[in-house]
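Trainee: Could you take a close look at one part of this model for me? I'd like to know what is tucked away inside, and what sits around it.

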Amino acid sequence: MTSLLQVRDLSIAFGRKDPVVRGLDLDLAAGQRLGIIGESGSGKTVTALAIMGLLPDNARVTGSIRLDGTELVGLSDRALSRVRGDRMSMIFQEPMTALDPTMTAGRQVAEAFRLHRDRDAGRARTAVLAMLRAVGFDDAERVADSYPHQLSGGQRQRVVTAMALVNRPGLVICDEPTTALDVTVQATVLRVLDEVLEAVGASCLFISHDLAVVSQLCSDVVVMLNGRVVERGTAEQVFTDPRHPYAAGLVATARLDLLEPGTRLPTVADHVRVP
């Protein structure tokens with residue numbers, strides 16, 4: 001199977017400090033959905049930011065990140081800006097910080113479209129309304145003309161999703177996209193994300209602490225610990241028969257439904273000593 005995204009021996013460090021990601025390998029095929037799980041500080045988000053080319057200037061990135069054959073490590077900012085938002089995009093966990101409060105939702109989605117596809121305002125408006133409808137808005141024109149503060153958290157997250165997908169990129173990276181939402185709204189946003197990813201045929205890297213969400217949305221999973229991948233496999237294999245003790249610990253803490261009443265809650269430390 002040909003990889004859309006191929007990461008080889010990726011290491012990331014900041015300043016003179018030791019690497020926070022070391023020797024990481026990832027492969028993502030066209031249309032595949034890969035979940036990345038692990039505790040906070042395991043290197044999930046920093047890996048995603050390295051792929052997007054959004055790390056700060058003091059970051060030292062070595063290894064290879066190839067998107068559909070294009071090497072991204074060492075690419076100039078100008079060249080990366082042509083790739084971001086067009087061939088790959090990212091959905092962040094807090095939509096209020098991802099959106100400009102001084103611009104309407106429609107204008108922000110349109111900016112991404114006009115930058116990479118078509119500068120004509122009329123055609124951009126048509127594309128924006130179509131994508132807002134695709135992410136579940138029956139009143140797309142009202143949403144397009146609203147400012148972020150006039151929308152709910154779930155609506156803002158769907159606007160951010162529309163912005164990420166309006167150009168139909170091959171790769172979409174989702175970094176905890178529903179963390180800030182309540183459970184009911186989360187379910188709606190995830191359903192919409194699932195449907196739109198399927199419709200545009202995008203591959204997805206999905207970063208989350210919620211193992212249940214990952215098991216529902218992703219076909220494959222990698223587990224990260226201290227900047228390394230310690231387990232990889234299908235979602236079914238990782239969540240039912242994890243091989244690495246740390247992966248087993250993560251899964252155990254999420255399967256509280258299997259515990260007898262009165263049983264002490266499990267921790268990752270029951271399975272492995274985390275350095």
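Mentor: Let's start with the word "buried": a residue earns it with under 20% relative accessible area, computed with a 1.4 Å probe on the protein chains only. Keep in mind that we're looking at a predicted model.

Take T47 as the way in. T47 sits in helix 1, and its relative accessibility is 1%, so T47 counts as buried. What does T47 touch, once residues up to four places away in sequence are set aside? The list is L10, I12, V21, L24, L26 and M224.

Let's follow that last name, M224. You'll find M224 in strand 9, residues 220–225. M224 is buried too, because its relative accessibility is 1%. Skip its neighbours within four places in sequence, and M224 is in contact with L24, I36, I37, G38, S42, G43, K44, T47, V229 and Y246. So that you can place M224 in the whole model, try S152 as a far marker: those two are 72 residues apart in sequence, and their C-alpha atoms are 33 Å apart.

Now step back to helix 1, which spans 44–52. Along with strand 4 (59–67) and helix 2 (77–83), helix 1 gives at least two residues to the lining of the second largest pocket. That pocket has a volume of about 320 Å³. It has 18 lining residues, and G53, L54, L55, V61 and L80 are the closest to its centre. By class, its lining splits into 13 nonpolar, 2 polar and 3 charged residues.

Next, the largest pocket. It holds about 470 Å³ of space. Among its 18 lining residues, R84, G85, M90, A112 and M163 lie nearest the centre. Strand 6 (88–91), helix 4 (105–116) and helix 7 (153–165) are the elements that put two or more residues into this lining. Helix 4 gives the largest share, 5 residues. The class count for this pocket reads 11 nonpolar, 4 polar and 3 charged.

Helix 4 deserves a closer look of its own. Does its length add up? Let's check how the expected and modelled spans compare. At 1.5 Å a residue, its 12 residues should span 16 Å, and the end C-alpha atoms are 18 Å apart, which agrees. The buried residues in helix 4 are A105, G106, Q108, V109, A110, A112, F113 and H116. What do those buried residues pack against? Their partners are helix 2, helix 5 (121–134), helix 6 (140–144) and helix 7. Notice that helix 2 also turned up in the lining of the second largest pocket, and helix 7 in that of the largest one.

Zoom in on G106, in helix 4. G106 has a relative accessible area of 7%, so it is buried. Beyond four places in sequence, G106 touches V128, V143 and A144. Its C-alpha lies 9.0 Å from that of M163, though the two are 57 residues apart in sequence. M163 is one of the residues nearest the centre of the largest pocket, as you saw.

You'll probably ask about the cysteines. The count of disulfides is 0. C174 is in no disulfide, and its nearest cysteine sulfur, on C204, is 3.8 Å away. The cut-off for a disulfide is a pair of sulfurs within 2.5 Å, so a pair 3.8 Å apart does not qualify. The reverse view matches: C204 is in no disulfide, with the sulfur of C174 as the nearest one at 3.8 Å. C174 is buried at a relative accessible area of 0%, and C204 is buried at 1%.

One last stop is A235, in helix 10, residues 235–240. A235 is buried because its relative accessible area is 8%. Leaving out residues up to four places away, A235 touches C218, S219, D220 and V221. A235 and V221 are 14 residues apart along the chain, with 5.4 Å between their C-alpha atoms. That brings us back to strand 9, which runs from 220 to 225 and holds M224, the residue we met in contact with T47.

Note on methods
Residues are numbered from 1 along each chain as its sequence is written. This is a predicted model: local features need pLDDT of at least 70, side-chain atom pairs count only at pLDDT 80 or more; totals for chains, interfaces and linings use all residues. Side-chain values use heavy atoms; hydrogens and water are left out. On a 1 Å grid over the protein atoms alone, a cavity is a set of points where a 1.4 Å probe fits but cannot get out, and a pocket is an open set with protein on both sides within 12 Å along at least five of seven lines; lining residues have an atom within 4 Å of a point. Grid points are joined across faces, edges and corners, and a volume is the space filled by probe spheres set on the points. Helices (H or I, at least four residues) and strands (E, at least two) are DSSP runs, numbered from the N terminus. Ala, Val, Leu, Ile, Met, Phe, Trp, Tyr, Cys and Pro count as nonpolar, Asp, Glu, Lys and Arg as charged, and the others, Gly among them, as polar. Buried means under 20% relative accessible area, exposed over 50%, partly exposed in between (1.4 Å probe, protein chains only). The expected span of a helix is 1.5 Å times one less than its number of residues. Contact means heavy atoms within 4.5 Å.
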